[in-house]
Every structure is written in structure tokens, then in C-alpha cells.
Amino acid sequence: MDFHKDYDVVVAGAGVAGVAAALAAARRGCSVALIEKQALIGGLATSGLVYVYLPLCDGNGTQVTFGIAEELLRCSLTYGPFDLSERWGGTAGAGFDRFMCHFAPAGLTIAMDGALNEAGVDLWLETLLCAVETSAEKVTAIEVENVSGRGRIGAKCFVDTTGDAGIVRRAGGEFVTSENYKTPWVMENSPDTRQYHLVDSVHIKVFGAWRDEFLAGYPLDGKSVTAFTRDTWQTLRDYYDRSYRDGFSDRHHLFPVHLPAMPQFRKIARIKGRVSLSDDQHGTYAADSIGLYADWRKSGHVWETPYGTLLPQKIRGVLVAGRSMSTEGDAWEVYRVIPAAVMSGEAAGVAAALAAEHKCEPGELNVADVQDALRPNGIKFHLAEVGL
Ligand SMILES: Cc1cc2nc3c(=O)[nH]c(=O)nc-3n(C[C@H](O)[C@H](O)[C@H](O)COP(=O)(O)OP(=O)(O)OC[C@H]3O[C@@H](n4cnc5c(N)ncnc54)[C@H](O)[C@@H]3O)c2cc1C
């Protein structure tokens with residue numbers, strides 16, 4: 001090995017879930033490393049050009065998700081032209097909006113970096129997690145590659161926020177993959193001011209989700225990622241060729257300026273957790289809830305999120321947060337988005353810090369202690385706490 005470092009908590013993957021986990025653990029006084037293979041933080045939300053922070057409310061005017069999920073939503077507005085809707089607060093669609101916003105992806109990146117800096121998180125950019133060391137199915141260290149060579153990073157507890165269960169898969173844990181469909185996003189320049197504006201006339205264009213182009217079960221191999229990504233570029237070439245040929249526009253007035261730097265897979269791999277959250281559990285009491293999250297597509301469906309959804313079935317020493325936590329069926333579709341990733345990331349960060357403090361496994365923690373540590377951050381665990 002070319003280098004070696006040890007921390008209380010290591011978070012792998014600096015998407016929004018990883019940023020939340022690192023902030024939560026560092027704010028409890030832990031030494032925290034946040035490992036990211038790109039030179040950007042925010043994952044799909046920023047380098048993937050996903051610029052819509054989905055709602056923190058139930059669609060009927062009640063806020064259900066709090067803590068760092070709300071902090072990052074407000075953070076996302078700091079360096080951008082967007083605001084929260086003034087019409088939020090009643091039933092969505094009946095004259096009211098939801099508690100959500102659009103944001104400038106680069107603005108969210110630099111705002112989150114400020115928060116990480118203030119919390120004292122040790123951020124490692126351009127550092128690829130490439131192997132996991134285990135002892136009796138407990139994660140003891142990760143191996144990384146960066147410009148310094150190959151290094152070993154140890155921790156008392158790990159958080160896997162790679163978006164594809166990267167630590168758990170490498171440790172031999174069980175996981176489930178998903179189908180995906182093609183949605184090319186492009187930030188383009190156009191004089192057409194009817195689109196969402198980011199800076200002057202630069203806006204992001206989202207092309208339709210062609211559901212007939214499902215990839216059946218993403219096989220998690222490098223060539224299929226390349227093929228999928230190049231296929232979206234072909235779709236964009238077709239779109240611009242058609243626009244120019246048919247006189248809808250020309251290359252001086254409509255052209256791409258930035259493409260997503262992450263493959264546009266919504267769901268790659270999620271763990272098989274000690275508990276799995278399913279669609280029909282909305283509205284159900286979970287004594288071990290670590291936070292509430294509501295369906296972003298329709299009003300009135302709110303889930304209490306069991307702690308066990310963050311714990312892999314057999315791999316120890318690691319929690320999983322973000323779009324790889326253990327949700328199934330339509331609940332995976334609900335939980336794979338930005339606010340839910342942040343909510344689960346915060347809980348995983350707090351639990352990892354407690355496990356490091358108590359020198360125990362995350363699975364051995366008393367969940368009441370995790371809830372007590374989250375409560376001062378404003379987290380609500382049960383529907384009754386928000387009057388539902
Ligand atoms: C086309 C599309 C549209 C979407 N639309 C919306 C929307 O409108 N609103 C919304 O809220 N959500 C939307 N989503 C979902 C949402 O953007 C993501 O699911 C969410 O941001 C996931 O956050 P995360 O932190 O769990 O994972 P990710 O964003 O995937 O972050 C994982 C991070 O880990 C890093 N990483 C991975 N492997 C390694 C490794 N081996 N070593 C080091 N680093 C690694 C990655 O580079 C990345 O930064 C959309 C997703 C897609 C694909």
C-alpha cells in the first residue's frame with residue numbers, strides 16, 4: 001500500500017446521502033472521511049444534472065421530513081435563482097404546491113462543500129473505492145486508488161452511500177438489481193425562455209422517459225454502462241439533427257453545453273436489508289423509525305422508515321443509505337430520490353457515529369439511542385408527531 005489512514009467513520013460515495021451521513025457523523029465529534037471517485041460532490045443531484053429537490057411534505061400541506069434533508073434543500077437555493085414556492089401548504093394540485101424546489105447543481109455543490117468544511121469532514125475527491133477488507137463478514141477497511149497510488153483506509157464504522165451498494169457488494173453481501181429506462185438530460189443554451197432558467201438563457205432540458213426502452217435488470221458490468229450512456233448521446237444527436245433539419249432551430253440557437261457526468265440509472269443495486277420497506281407499509285407504525293418520507297408522486301402516502309432498512313443482512317460494520325437502502329417494489333421508486341437519500345444518510349451517519357463511540361456494531365445499537373441522537377436535529381419518526 002502507498003498510504004494508510006484511520007478514522008472513526010468512513011463514508012464511501014459523496015452523493016447527497018453521503019454528504020448527509022458525513023455531516024451527521026462529524027457534527028457528533030467523530031473523525032470522518034468522505035470518499036468520492038469524481039471531482040464533484042452531490043452525485044446524481046449535481047453531476048447527474050438532476051436539479052429538482054423533491055418534496056419534504058405529504059402533498060396535503062404537512063411537512064414530514066426534517067433535519068439535514070431540509071438543511072440541504074435550503075442550501076440548494078443559496079447559489080441559484082430559484083425559491084421555494086409561496087403557494088406551498090395545502091393539497092397539491094388544488095391551488096397549492098409542495099415543499100420542494102429547483103436548484104442550480106453547481107450551486108448545491110459549492111454550498112454543500114462549505115457545510116462539509118465547517119463540520120471538519122475530511123473529503124477525498126478523485127479517490128476510487130476499489131476493494132473491501134473483511135474479517136468474519138465485518139468490514140474492517142476499504143482500499144482506494146487515487147493519484148497517490150493505492151491506499152488502505154480503516155474505520156470503526158463504514159457508511160455505504162455509493163448508490164450501487166459498492167461496499168456491501170464487494171464484501172459479499174446480498175443485493176438486488178433493477179431495470180432502467182433511458183432519459184437523456186442535457187443542459188443546453190437556447191433563447192427559448194419557457195424552460196427552467198439556470199443562468200441567463202442556459203437551461204436544463206429533460207427529454208421524455210421512454211418506458212419502452214427498459215433495460216431488463218442492469219447486469220452491473222462496465223460495458224453495459226458505456227452502451228447505455230452512448231445510447232442517450234445518440235438520442236440527443238437524433239434530436240438536434242431533427243431540430244436543425246426541420247428548421248425548428250439551428251446550431252447557433254439551440255445547442256448542448258453540458259451532459260450528465262454520471263450514467264442516468266435511477267436504480268442500480270440495493271441491499272437485502274434486515275428489514276425491507278414495501279409499498280403497502282405506508283401509514284404503518286414502525287417503533288424503530290429513523291424518519292418519515294412521503295411519496296413524491298401522490299398525496300397522503302407517508303412511510304415511517306425502519307432502522308433495519310439501513311443494515312445489510314449478513315455484512316457487519318457498515319450501514320447503507322441513499323438509493324441502495326433496503327426498499328422494494330414501488331417503495332424503492334419512492335425512496336430513491338434526493339430528500340429520502342438525505343434523510344437516510346443523516347440517520348446512517350448518526351448511527352455510525354454512535355457505533356464508533358460505543359465500540360459496537362450498528363446492528364447492536366439500541367434504536368432508541370439513535371432516535372435520541374436524531375431528535376435534536378428536528379427529525380420526526382412517527383406520523384402522530386406531525387399530526388397524521
Ligand atoms: C434520470 C434521473 C432523474 C431523476 N430525477 C430526480 C428528481 O427530479 N428529483 C429527485 O429528488 N431525484 C431524482 N432522481 C434520483 C436522484 O437524483 C438520486 O437517486 C439521488 O440523488 C441519489 O443520491 P445518492 O446519494 O443515494 O446516490 P448517488 O447520487 O448515486 O451518489 C453516489 C456517489 O458515490 C460515488 N461513488 C460510486 N461508486 C464509487 C466508488 N467505487 N468509489 C468512490 N465513489 C463512488 C458516485 O460518484 C456518487 O457521487 C433522478 C435520477 C435519475 C437517474
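Biologist: Welcome! What makes the crossing of H1 and H3 count as left-handed?

Modeller: Good place to start, and remember that this is a predicted model. The crossing of H1 and H3 is left-handed because, in such a crossing, the near helix is turned anticlockwise from the far one by less than a right angle.

Biologist: How do you know whether H1 and H3 are roughly parallel or roughly antiparallel?

Modeller: We look at the angle. The axes of H1 and H3 cross at roughly 20° and come within 9 Å. Angles under 35 degrees count as roughly parallel, so H1 and H3 are roughly parallel to each other.

Biologist: Why do you give me both an angle and a distance?

Modeller: Because two packed helices are described by the angle between their axes and the distance between the axes.

Biologist: Then why is H2 called oblique to H3?

Modeller: Helix H2 (residues 68-76) and helix H3 (residues 105-119) have axes that cross at roughly 125° and come within 8 Å. That angle falls outside the roughly perpendicular range of 65 to 115 and is not over 145, so H2 is oblique to H3. As for handedness, H2 passes H3 in a right-handed crossing.

Biologist: And what makes H2 oblique to H7?

Modeller: The axes of H2 and H7 cross at roughly 130°, coming within 8 Å. Once more, 65 to 115 would be roughly perpendicular and over 145 roughly antiparallel, so H2 is oblique to H7. H2 also passes H7 in a right-handed crossing.

Biologist: Let's turn to the ligand. How do you know that Leu44 makes a polar contact with the ligand?

Modeller: A backbone N or O atom of Leu44 lies 2.8 Å from an oxygen atom of the ligand. The cut-off is 3.5 Å, so this pair counts. A backbone N or O atom of Ala17 is 3.0 Å from a ligand oxygen atom, and one of Lys37 is 3.1 Å from a ligand nitrogen atom.

Biologist: How much of the ligand does the protein bury?

Modeller: Taken alone, the ligand exposes 1,000 Å², and the protein buries 96% of that.

Biologist: Which elements give two or more residues to the shell around the ligand?

Modeller: They are helix H1 (16-27), strand E6 (128-135) and helix H7 (338-358). H7 gives the largest share, three residues.

Biologist: How many residues surround the ligand?

Modeller: There are 32, and the closest are Glu36, Leu44, Val52, Arg323 and Arg336. The shell divides into 17 nonpolar, ten polar and five charged residues.

Terms used:
Residues numbered from 1 in each chain as written. Predicted model: local features only at pLDDT ≥ 70, side-chain atom pairs only at ≥ 80, totals over all residues. Heavy atoms only, no water. Near = heavy atom within 4 Å. Polar contact = N/O pair within 3.5 Å; in protein donor to acceptor, adjacent residues only side chain to side chain. Areas by Shrake-Rupley, 256 points an atom, 1.4 Å probe, with all protein chains shown as cover. Helix = DSSP H or I, 4+ residues; strand = E, 2+ residues; numbered from the N terminus. Nonpolar A, V, L, I, M, F, W, Y, C, P; charged D, E, K, R; others polar. Axes fitted to C-alpha atoms, helices over the stretch in contact; angles between N-to-C directions.
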